[in-house]
Amino acid sequence: MTKLAIIGGSGFRSLEALEIVHREVIRTPYGEPSAPLTHGRFHGTEVVFLPRHGHAHTIPPHRVNYRANIWALQQAGVGRIVGVAAVGGLHMPMAPGRLVIPDQIIDYTYGRDHTYFEGDLTHVTHIDFTEPYCPTLRQELLAAGQAAGIQLEERATYGATQGPRLETAREIDRMERDGCDLVGMTGMPEAALARELEICYACCAVVANWAAGRSDGPIEMEEIERHLQGGMGQVRELLSALVAAQ
Ligand code: HPA
């Protein structure tokens, strides 16, 4: 099995059961990753952890250096990444508190450094992105969910928005017409950059709130945090089951 990395999102800044072996500062041609990489053993398996928004959660979604993060993980010998992400749910069954392993993406982000294939190229490269997530790792996550008795939604389209503001109600209507089931701010370009470096990447999304206009009143941060606390506890169990099966 190739080395596994976990990229933690909002509500998931550390992997408690990780026995830390060392932290590694990696510099990349693209600048600094969100934090030093934490190398350790997670239930006996070698795992690398990286908090996407930094240790103190100070980096907003549109300022995350996605290229440096994925590059650093590859430098550390990582071949598989689970990207944990908080999202909004557009409709049932994507209700707050649910865990989802999406299988498609629609990218609405802009102005982010989204590719390694630019600059002094010897040839133009177009990666295949028909299936944006690694099917093997998705299946392993779904099997881990079954083994651990954690209910997972196994088909969903993740709509990646620019942030940091949340969406308008009509933007969410449009996203639903497009076919989105979830909305989040960090899914892209993370998934595409992993594919460019031929790293197997899957997303584990935790629904933190109903998307804009899908519940009465404004979206409250307190509601998001409450659902994330419960959801991230389940993510930890899911990841334990994932490594137990390796
Ligand atoms: N929109 C975008 N990103 C999010 C949301 C949302 O409603 N909830 C958590 N991340």
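This briefing covers the annotated domain, the nonpolar cores, the cysteines and the unusual backbone geometry of one protein chain. The structure is a predicted model, and the values below are computed from it. UniProt, in an unreviewed entry, places the feature "domain: Nucleoside phosphorylase" at residues 3–243. Over that stretch the chain is 27% helix and 27% strand, and the C-alpha atoms at its two ends are 11 Å apart.

**Nonpolar cores**

- The largest nonpolar core has 38 residues, and the members that touch the most other members are Leu37, Ile70, Leu73, Ile81 and Leu182.
- Both helices and strands contribute to this core, since at least two residues come from each of strand 1 (3–8), strand 4, helix 1, strand 5 (78–89), strand 9, helix 4 and strand 11.
- Leu73 can serve as a point of entry when viewing the model: leaving aside residues up to four places away in sequence, Leu73 touches Ala5, Ile7, Leu37, Val48, Leu50, Val78 and Ile81.
- There is also a second, separate core, which has 33 residues and includes Val47, Ala208, Val235 and Leu238.

**Cysteines**

- A search of the whole structure finds 1 disulfide, and this bond is formed by Cys134 and Cys200, whose sulfur atoms are 2.0 Å apart.
- The link between Cys134 and Cys200 is left-handed, with -75° about the S-S bond.
- The disulfide connects distant parts of the chain, for its partners are 66 residues apart: Cys134 is in the loop between strand 7 (104–107) and helix 2 (135–148), whereas Cys200 is in strand 11.
- Both Cys134 and Cys200 are buried.
- Why does Cys203 not form a bond with Cys204? The cysteine sulfur closest to that of Cys203 is in Cys204, and it is 6.8 Å away, which is too far for a bond; the cut-off applied here requires the two sulfur atoms to be within 2.5 Å.
- Seen from the other side, the sulfur of Cys204 has its closest cysteine sulfur in Cys203, also at 6.8 Å and too far for a bond.
- Cys203 is buried, because its relative accessible area is 3% and the cut-off for buried is under 20%; Cys204 is likewise buried, with a relative accessible area of 1%.

**Cis peptide bonds**

- As background, most peptide bonds are trans, and most residues other than glycine have a negative phi.
- The peptide bond that joins Gly163 and Pro164 is cis, with omega at about 0°, and Pro164 lies in the loop between strand 9 (157–160) and helix 3 (169–178).
- Another cis peptide bond runs from Met188 to Pro189, with omega near 10°, and Pro189 lies in the loop that runs between strand 10 (182–184) and helix 4 (190–196).

**Positive phi angles outside glycine**

- His57, although not a glycine, has a positive phi of about 55°, and its place is in the loop between strand 4 (45–51) and helix 1 (66–75).
- Glu198 is not a glycine either, yet has a positive phi of about 60°; this residue is found in the loop between helix 4 and strand 11 (200–210).
- How accessible is His57? His57 counts as partly exposed because its relative accessibility is 34%, and the partly exposed class runs between the cut-offs for buried, under 20%, and exposed, over 50%.
- Glu198, with a relative accessibility of 72%, therefore counts as exposed.

Definitions and conventions. Residues are numbered from 1 along each chain as its sequence is written. This is a predicted model: local features need pLDDT of at least 70, side-chain atom pairs count only at pLDDT 80 or more; totals for chains, interfaces and linings use all residues. Side-chain values use heavy atoms; hydrogens and water are left out. UniProt positions are given in the numbering used here, feature names are shortened, and annotations may be inferred rather than shown by experiment. Helices (H or I, at least four residues) and strands (E, at least two) are DSSP runs, numbered from the N terminus. Buried means under 20% relative accessible area, exposed over 50%, partly exposed in between (1.4 Å probe, protein chains only). A nonpolar core is a set of buried Ala, Val, Leu, Ile, Met, Phe, Trp, Tyr and Cys residues joined through side-chain atoms within 4.5 Å. Contact means heavy atoms within 4.5 Å.
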